[in-house]
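User: I am new to reading protein structures, and I would like to understand how the descriptive words are justified. Could you take me through the reasoning behind each one?

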Amino acid sequence: MTETSSFVRTDMLPPAPPPVSQTGVIKWLRENLFSGPLNTTLTLCGLGFAIWLVQAAAPWLLHSVWNANSQNECRSIIAETWGPEATGACWAIIRARWHQFLFGFYPMDQYWRIYVTFAALFVAIAPVLFATLPRRMLWLSLLYPLVAFWLLWGGPIWGPVFTALGFGLWAAVFLALSVRLGVVVAAGIGLVAAAVFWIYGVGALEASMQSVLPLALPEVDSDQFGGFLLALVIGVTAIVVSLPMGVLLALGRQSDMLIIKSLSVGFIEFIRGVPLITLLFTASLLLQYFLPSGTSFDLILRVVILVTFFAAAYIAEVIRGGLAALPRGQYEAADALGLDYWQAQRLIIMPQALKISIPGIVSTFIGMFKDTTLVAFVGLMDPLKGISTVVRADLNWKGVYWEPYIFVAVIFFIFNFSMSRYSMFLERKLKRDHR
Amino acid sequence: MTLASDPPKDGFRLSMLIYDTRFRSVTIQVIVLVLFLAGLFWLLNNAYVNLEAKGKDFNFSFLWTRAGYDIAQTLIPYTNDDTHMRALIEGLLNTLLVSVLGCICATILGVFVGVLRLSHNWLVARIMTVFVETFRNIPLLLWILLMGTILSETRPSPRDFRFTEAMQAAGETPKASMWLFDTIAVTNRGTNVAAPAFSNSLGEVVLPGNIPVSLNALALFAVLAASFWGWRRLMARAKAVQEATGTRPATWWQTPLILLGPVVAVSLGLGFHLDYPVITRFDFTGGFQMLHSFTALLIALTIYTSAFIAEIVRAGILAISKGQTEAAYALGLRPGRTMNLVILPQALRVIVPPLISQYLNLTKNSSLAIAVSYMDLRGTLGGITLNQTGRELECMLLMMLIYLTISLVISSVMNLYNKSIKLKER
């Protein structure tokens, strides 16, 4: 038993290292790039394309000029430094005009207001985006729209303050009545009360407070807004308003009440059926027909309303998809627990439906933020067409076309890409299955 | 016996309209309806008063007056003596043309990119990811403007294509050259492409409404349809034979013959050849010229939409679990049949609805044509006609109606499809 032939090993051999082709870079290359003839061909094509792209763009980017006063100066600098045949990017145009791309024709000495608004934006959206922050910060988020409005457009502070009070009145009436009269009726009565306050109370109160304590910023006209400031004002407002509106429209479309349902369907299908451009033209051309003569209201406001409607109709459809994806058992369970309609929606249906619709909602937001460039066609100074046209019309910068487009494209890309990454983060965070 | 919770039966009181949940929904609906009708009436009344004040009326007879403006790209004959109605139709046709071509190109490119993005090849998958993220996250308007600018500002002028004898003698070469065996010349004025032509042409018939139809195209189309029908018969017969005897007759050589043979024969009979664009003193002649506005719009719409389609295709393929493929293999199906019988029917259920809504988006996005002055429906009816006649209300309403009709037609097709493939639940 203990006899062991001398040719049989008694101890383990140390493990041999794997063959070279099965480790490290070579293995990775073999598996991921050259695993077969087709794959190798694809790799070579891809490599060729990448090399072509780099060798086309690299010299142009390497020869960038940042300090110049005109396109010709750029060209002569490039020709001096890199030889007469060299091409190069002339970023000097961005250096000279970045403020117009970002802020339009906003008065330069008032830029601090934009900076403050923008910084406050991050404070206001942080508690909405990240649930780990203290919930009390949400009050800041609620106040933010009016603060931002006052900072950007200026004027006496009392207008926004009393508008906020109107919202407070609405909330108070709603809370007082909602138990006895139901959510919809209470909200309606609250709205009427707030509207009465806004129409008859605010003007007088504002004037009297202003005479007691004049707090005002210099006013800035809407037509001085432009560039990414305009895109953000339209985009952020539309995002904030269109989500609740879209939820209501989706619920309306699912509702048992025939009239509510047909109005919702009609609204959604109409808005989704026509291009945004026609709606914007309606805002700028037709509104004068449908409002009492002599009314004029701000073009930015009109555009914001139309863009919000547009986004809300799309969001409603996305959320309807989420509602349809919920198993019927969820509705039945809510009924079995004795929850009423709004409680069931708030506690059971919406949290799940919204979670399912996150990718769709965020891609609607991204689409809408990109669509803010279309306001150029009704005469607003969007960063892409409005401002680029203004800048390129300058004789000094005649012949520049890549640089402004690249600059604008990069900024849009950063915004939209981070939105889509955030949506992926949220999806992962809310995922409850297959942990 | 009555339960304690039974509603009181002592008649109807007015307060029940808001306190009683049975009637509350009716109350809410009535109030909403009244508010809606009041709002509608208010808007219409304003419109009536405002029109009156401006001395305008509301009618569409301007559509039958002389348009008086030119349209650069026309699919059916049009002169500026034609009516606004005719201009409207030209615009609509241009919209449909760029939309249909855009949908086809975007689908091809999108499927290609979507499939390659799933490739195991690391490099190709990354390149496709960059493609999708770049084109999805940057506004379409930028792509349209950029394409328009590149085509019209960076391309050489037609003069640079000239190759004179003096240049030949001096040993010079022209500054720019045509592509693809001299069939395509992209100048700063437009793209000149070789056009198919027939030396024994059958001529054309003119339909009522001055719409010419080429008999050559009709003949070719008829032949194609006949060969397709013949091919279907061939396949049906092969299947019948296979089911009767168990062996399928060889059809691989008959298929191309029956599909392509007659068309080639008829084309040769008609004297098919390519009419090449040739550079003359100032510009190219021959072939046909595509406007840069059209090309730029088409390219931009194609790449932008294809990024979305790629994501849809990728999601559709990923949605089919791997077990389906394995089950099909376990049943002994070959990879091709697995794809056709198991994967595709399920993946299409996921892919088609969002795909059609991308088509819808592309059609609506084609109204951005205004950025490169392509004369689509918005350029004719909503642009020059509107400005010339000053009838904003009529033009905008008509335009919305047309876009709405297109959308509703496409989305009702989609709803039919959705209904037919819906998973049957309780």
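User: How far apart are the end C-alpha atoms of residues 294-320 of chain B, and how much of the span is helix?

Analyst: Please keep in mind throughout that this is a predicted model. In residues 294-320 of chain B the end C-alpha atoms lie 38 Å apart, and the span is 96% helix and 0% strand. The UniProt record, in an unreviewed entry, lists 294-320 of chain B among its "transmembrane region" features, together with 23-44, 96-118, 130-151, 211-231, 252-274 and 396-417. Residues 252-274 of chain B, another of the listed stretches, are 74% helix and 13% strand, with end C-alpha atoms 30 Å apart.

User: Which residues does UniProt place in the feature "domain: ABC transmembrane type-1"?

Analyst: In chain A the unreviewed entry gives residues 228-423, and in chain B the unreviewed entry gives residues 92-414. The chain A span is 79% helix and 0% strand, and its end C-alpha atoms lie 22 Å apart. The chain B span is 67% helix and 10% strand, with its end C-alpha atoms 22 Å apart.

User: Why is helix 7 of chain A called roughly antiparallel to helix 8 of chain A?

Analyst: Helix 7 (residues 158-181) and helix 8 (residues 183-212) of chain A have axes that come within 7 Å and cross at roughly 155°. Angles over 145 degrees count as roughly antiparallel, and therefore helix 7 of chain A is described as roughly antiparallel to helix 8 of chain A. The crossing of these two helices is right-handed.

User: What makes helix 3 of chain B oblique to helix 4 of chain B?

Analyst: Helix 3 (residues 84-117) and helix 4 of chain B pack at an angle of about 130°, with their axes 8 Å apart. Roughly perpendicular covers 65 to 115 degrees and roughly antiparallel begins over 145, so an angle outside the named ranges counts as oblique, and helix 3 of chain B is accordingly oblique to helix 4 of chain B. The crossing of this pair is left-handed. On the side of helix 3 of chain B the residues that meet the partner are B:V113, B:L116 and B:R117, while helix 4 of chain B brings residues including B:M128, B:F131 and B:V132.

User: How do you know whether B:F131 is buried, exposed or partly exposed?

Analyst: B:F131, found in helix 4 (residues 122-137) of chain B, has 18 other C-beta atoms within 10 Å. A residue needs 20 or more to be buried and 12 or fewer to be exposed, so B:F131 is partly exposed. Leaving aside neighbours within four places in sequence, B:F131 is in contact with B:V113 and B:A307. B:F131 and B:L145 are 14 residues apart in sequence, and their C-alpha atoms are 19 Å apart in space.

User: Why does B:D283 count as partly exposed?

Analyst: B:D283 has 16 other C-beta atoms within 10 Å, which lies between the two cut-offs, and therefore B:D283 is partly exposed. B:D283 is found in the loop between strand 7 (278-279) and strand 8 (284-285) of chain B. Beyond its neighbours within four places in sequence, B:D283 is in contact with B:P158 and B:R189.

User: What is noted about the phi of B:S373?

Analyst: Phi of B:S373 is near 60°, a positive value in a residue other than glycine. Most residues other than glycine have a negative phi. B:S373 sits in the loop between helix 11 (335-365) and helix 12 (377-389) of chain B, and with 14 C-beta neighbours inside 10 Å B:S373 counts as partly exposed.

User: Which residues have the most contacts inside the largest nonpolar core?

Analyst: That core has 124 residues, and those with the most contacts inside it are A:L229, A:L280, B:I144, B:L297 and B:A300. Helix 12 (residues 299-325) of chain A gives the most to this core, with 15 residues. A second, separate core of 11 residues includes A:C74, A:I78, A:I93 and A:V400. Setting aside neighbours within four places in sequence, B:I144 is in contact with residues including B:L297, B:A300 and B:L368.

User: How many residues does each chain bring to the contact between chain A and chain B?

Analyst: The contact takes 50 residues from chain A and 48 residues from chain B. Helix 11 of chain A gives the most to the side of chain A that touches chain B, with 9 residues.

Methods:
Residues numbered from 1 in each chain as written. Chains lettered and ligands numbered in written order. Predicted model: local features only at pLDDT ≥ 70, side-chain atom pairs only at ≥ 80, totals over all residues. UniProt positions renumbered as here; feature names shortened; annotations may be inferred. Helix = DSSP H or I, 4+ residues; strand = E, 2+ residues; numbered from the N terminus. Core = buried A, V, L, I, M, F, W, Y, C linked by C-beta atoms within 7 Å. Contact = placed C-beta atoms within 7 Å. Axes fitted to C-alpha atoms, helices over the stretch in contact; angles between N-to-C directions. Parallel < 35°, antiparallel > 145°, perpendicular 65-115°, else oblique. Left-handed = near helix turned anticlockwise from the far one by under 90°.
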